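The following exercises concern the packing of two helices and the lining of a pocket. Please study the sequence and the structure before reading each solution.

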Amino acid sequence: MSYDTIIYEEDGPIGTLTLNRPDDGNMFNLTMCHEIRDCLNEVRRETRTRVIVLTGAGDQFFCVGGRKDGMEDSLLYAGTLPTLEMYETIDRLQKPVIASVNGFAVGGGNVLQMVCDCTIAKESAVFRQVGPMVGSFDAGYGTWYLEDLVGKKKAKEIWYRNPKIPAREALELGLINKVVPDADLKEETRKFALEIAERGSFALASIKAAFNARHGGVSGLSRMAHDLLLRAYLETDESHELASAFTERRKPDPSKFGV
């Protein structure tokens with residue numbers, strides 16, 4: 001897959017998606033949001049990749065948010081802000097997504113790592129919400145997910161006061177999962193990802209869907225139910241017996257039903 005603002009590489013069961021605008025703080029614009037969405041939708045439809053790693057190019061920035069310029073076209077269509085499509089795609093992807101934070105994760109960049117399933121950061125990484133300082137806000141993923149991670153009082157402080165949060169403090173708060181020496185980030189992220197990749201893919205997909213059901217309302221619950229139904233309908237002895245009995249106009253054999 002070839003893109004203009006991201007790089008996607010496969011290494012065994014791990015797919016690495018790199019935000020590739022280091023000269024601009026790896027800020028996401030309209031193009032990047034759409035490319036991340038399209039890339040992850042492609043990954044959704046194949047079975048080679050079991051875990052996604054999301055990181056930034058260079059060694060200074062993970063992502064410092066989004067640019068206003070280039071987003072104008074999205075204003076024509078209410079409800080289709082490209083950043084939301086990007087976050088929703090990460091949430092909907094049935095495969096775990098690990099944020100590997102290689103520098104500053106600021107504004108929308110911090111929300112981006114929060115939306116990922118797990119986050120591993122280098123020692124010198126810094127996390128921050130700056131919205132109110134520039135007249136902006138994220139009254140959705142940025143508030144709800146942050147409250148879940150660090151608690152309501154701390155989440156409000158982070159949004160109201162906009163402190164810079166070092167990686168070690170972010171770990172203590174529950175904002176991220178792991179901190180490693182700067183030089184070891186790539187290697188430690190790979191170990192983390194490979195450990196998850198060894199787990200059952202259907203179990204992981206079901207667990208992720210169950211977590212998302214709480215946030216996604218009927219959409220999240222439907223996704224979980226649909227994925228479980230699809231597996232049950234296509235692969236279980238029970239579904240095969242019921243389908244055969246219906247086609248053959250006979251009573252099904254309950255001994256072939258699961259518990």
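**Exercise 1: Two packed helices**

H4 and H5 are oblique to each other. The model is a predicted one. Determine which angle supports this description of H4 and H5, and which residues form the contact.

*Solution.* Two packed helices are described by the angle between their axes and the distance between the axes.

Step 1. H4 packs against H5 (residues 152-161) at an angle of about 130 degrees, and their axes are 7 Å apart.

Step 2. Angles from 65 to 115 degrees count as roughly perpendicular and those over 145 as roughly antiparallel; H4 and H5 are therefore oblique to each other.

Step 3. The handedness of the crossing of H4 and H5 is right-handed.

Step 4. On the H4 side, the contact involves Gly142, Thr143, Leu146, Glu147 and Val150, which meet Lys152, Lys154, Ala155, Ile158 and Trp159 of H5. By class, the residues of this contact are five nonpolar, two polar and three charged.

**Exercise 2: The second largest pocket**

State how many residues line the second largest pocket, and which elements contribute to the lining.

*Solution.* Step 1. The second largest pocket holds about 640 Å³ of space. Its lining consists of 26 residues, and Cys116, Asp117, Cys118, Phe211 and Asn212 lie nearest its centre.

Step 2. Two or more lining residues come from each of strand S5 (97-101), helix H3 (108-115), strand S7 (118-122), helix H4 (141-150) and helix H8 (201-235).

Step 3. H8 supplies the largest share of the lining, seven residues.

Step 4. Sorted by class, the lining comprises 15 nonpolar, six polar and five charged residues.

Technical notes. Residues numbered from 1 in each chain as written. Predicted model: local features only at pLDDT ≥ 70, side-chain atom pairs only at ≥ 80, totals over all residues. Heavy atoms only, no water. 1 Å grid on protein atoms, 1.4 Å probe; cavity = no way out; pocket = protein on both sides within 12 Å on 5 of 7 lines; lining within 4 Å. Points joined across faces, edges and corners; volume = space filled by probe spheres on them. Helix = DSSP H or I, 4+ residues; strand = E, 2+ residues; numbered from the N terminus. Nonpolar A, V, L, I, M, F, W, Y, C, P; charged D, E, K, R; others polar. Axes fitted to C-alpha atoms, helices over the stretch in contact; angles between N-to-C directions. Parallel < 35°, antiparallel > 145°, perpendicular 65-115°, else oblique. Left-handed = near helix turned anticlockwise from the far one by under 90°. Contact = heavy atoms within 4.5 Å.
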